[in-house]
Amino acid sequence: MLIGQRFGRGFNTVCTTGNAAGRPQGIVTGAPIGVTAALATSISFDDLIKLEHSVDPAVRSESTYMCNDALIQAFRLIKDTTGRYIWQPSLS
């Protein structure tokens, strides 16, 4: 199990930042940037909506987000005007 986890983490790194020279192209290094936040330290719910709509509608329903844990934390900390968190667990 540990060998599988180690292999998976290494493979994830290569697929994320590969250089296409005998390796996969890489999502970060090979993909065009769609939408970026105004500031790296402030992410708004509007930024998430802009990001979603920067993806071609033909493939949007089959798409998923890929980000590191610090970014997920930043998303989860977004609050509305009454101080409630925007990101809530699903009821289903």
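Modeller: Before we start, a residue is called buried when its relative accessible area is under 20%, exposed when over 50%, and partly exposed in between. Please keep in mind that this model is predicted.

Colleague: Thanks! What share of the 92 residues in the chain is buried?

Modeller: The cut-off to apply is a relative accessible area under 20%. Out of the 92 residues in the chain, the buried ones make up 8%.

Colleague: And what share of the accessible surface belongs to carbon and sulfur atoms?

Modeller: The accessible surface of the chain comes to about 8000 Å². The part belonging to carbon and sulfur atoms is 59%.

Colleague: In what order do the elements run from the N terminus?

Modeller: The chain has five helices and zero strands. Read from the N terminus on, the order is therefore a run of helices under the DSSP assignment: α-α-α-α-α.

Colleague: Which element has the lowest mean pLDDT?

Modeller: For the chain, the mean pLDDT is 79, and 82% of the residues reach 70 or more. Among the elements, the highest mean, 86, goes to helix 4 (residues 57-60). The lowest mean, 66, is that of helix 2 (residues 27-30).

Colleague: Let's turn to the rings. What is the angle between the planes of Phe7 and Phe11?

Modeller: A search of the whole structure gives two aromatic pairs. One of them joins Phe7 and Phe11, with 6.1 Å from centre to centre, and this pair is stacked, at a plane angle of 10°.

Colleague: Where do Phe7 and Phe11 lie?

Modeller: Phe7 is exposed at 59% relative accessible area, while Phe11 is partly exposed at 47%. The two residues are four apart, about one turn of the helix, and both lie in helix 1 (residues 2-17).

Colleague: Why is the pair of Phe75 and Trp87 called stacked?

Modeller: Planes under 30 degrees apart count as stacked. The ring centres of Phe75 and Trp87 are 6.3 Å apart, and the pair is stacked because the planes meet at 20°.

Colleague: How many residues apart in sequence are the parts that Phe75 and Trp87 tie together?

Modeller: Phe75 belongs to helix 5 and Trp87 to the segment after helix 5, so the pair ties together parts whose separation in sequence is 12 residues.
Their cover differs in class too: Phe75 is buried at 9%, and Trp87 is partly exposed at 42%. The separation, once again, is 12 residues.

Colleague: Which residue does Arg84 meet in a salt bridge?

Modeller: The count of salt bridges comes to one. Arg84 is exposed, with 54% relative accessible area, and its partner is partly exposed, with 25%. The distance from N to O is 3.2 Å, and the partner of Arg84 is Asp80.

Colleague: How far apart in space are Asp80 and Phe45?

Modeller: Asp80 sits in the segment after helix 5. Along the sequence, Asp80 and Phe45 are 35 residues apart. From C-alpha to C-alpha, their distance in space is 9.2 Å.

Colleague: Last one: which residues make the nonpolar surface patch of about 240 Å²?

Modeller: Residues in a patch need over 30% relative accessible area. One member, placed in the segment after helix 5 (69-76), is partly exposed at 34% and so passes that cut-off. The patch is made by Phe45, Ile49 and Ile86.

Technical notes: Residues are numbered from 1 along each chain as its sequence is written. This is a predicted model: local features need pLDDT of at least 70, side-chain atom pairs count only at pLDDT 80 or more; totals for chains, interfaces and linings use all residues. Side-chain values use heavy atoms; hydrogens and water are left out. A salt bridge is a side-chain nitrogen of Lys or Arg within 4 Å of a carboxyl oxygen of Asp or Glu. Buried means under 20% relative accessible area, exposed over 50%, partly exposed in between (1.4 Å probe, protein chains only). Accessible areas come from the Shrake-Rupley method with a 1.4 Å probe; for residues, only the protein chains shown count as cover. Patches are made of residues with over 30% relative accessible area and no salt bridge: like charges are joined within 9 Å, nonpolar side chains (Val, Leu, Ile, Met, Phe, Trp, Tyr) within 5 Å. pLDDT is the predictor's confidence in each residue, from 0 to 100. Rings of Phe, Tyr and Trp (its six-membered ring) pair if their centres lie within 6.5 Å; planes under 30 degrees apart count as stacked, over 60 as edge-to-face and the rest as tilted.
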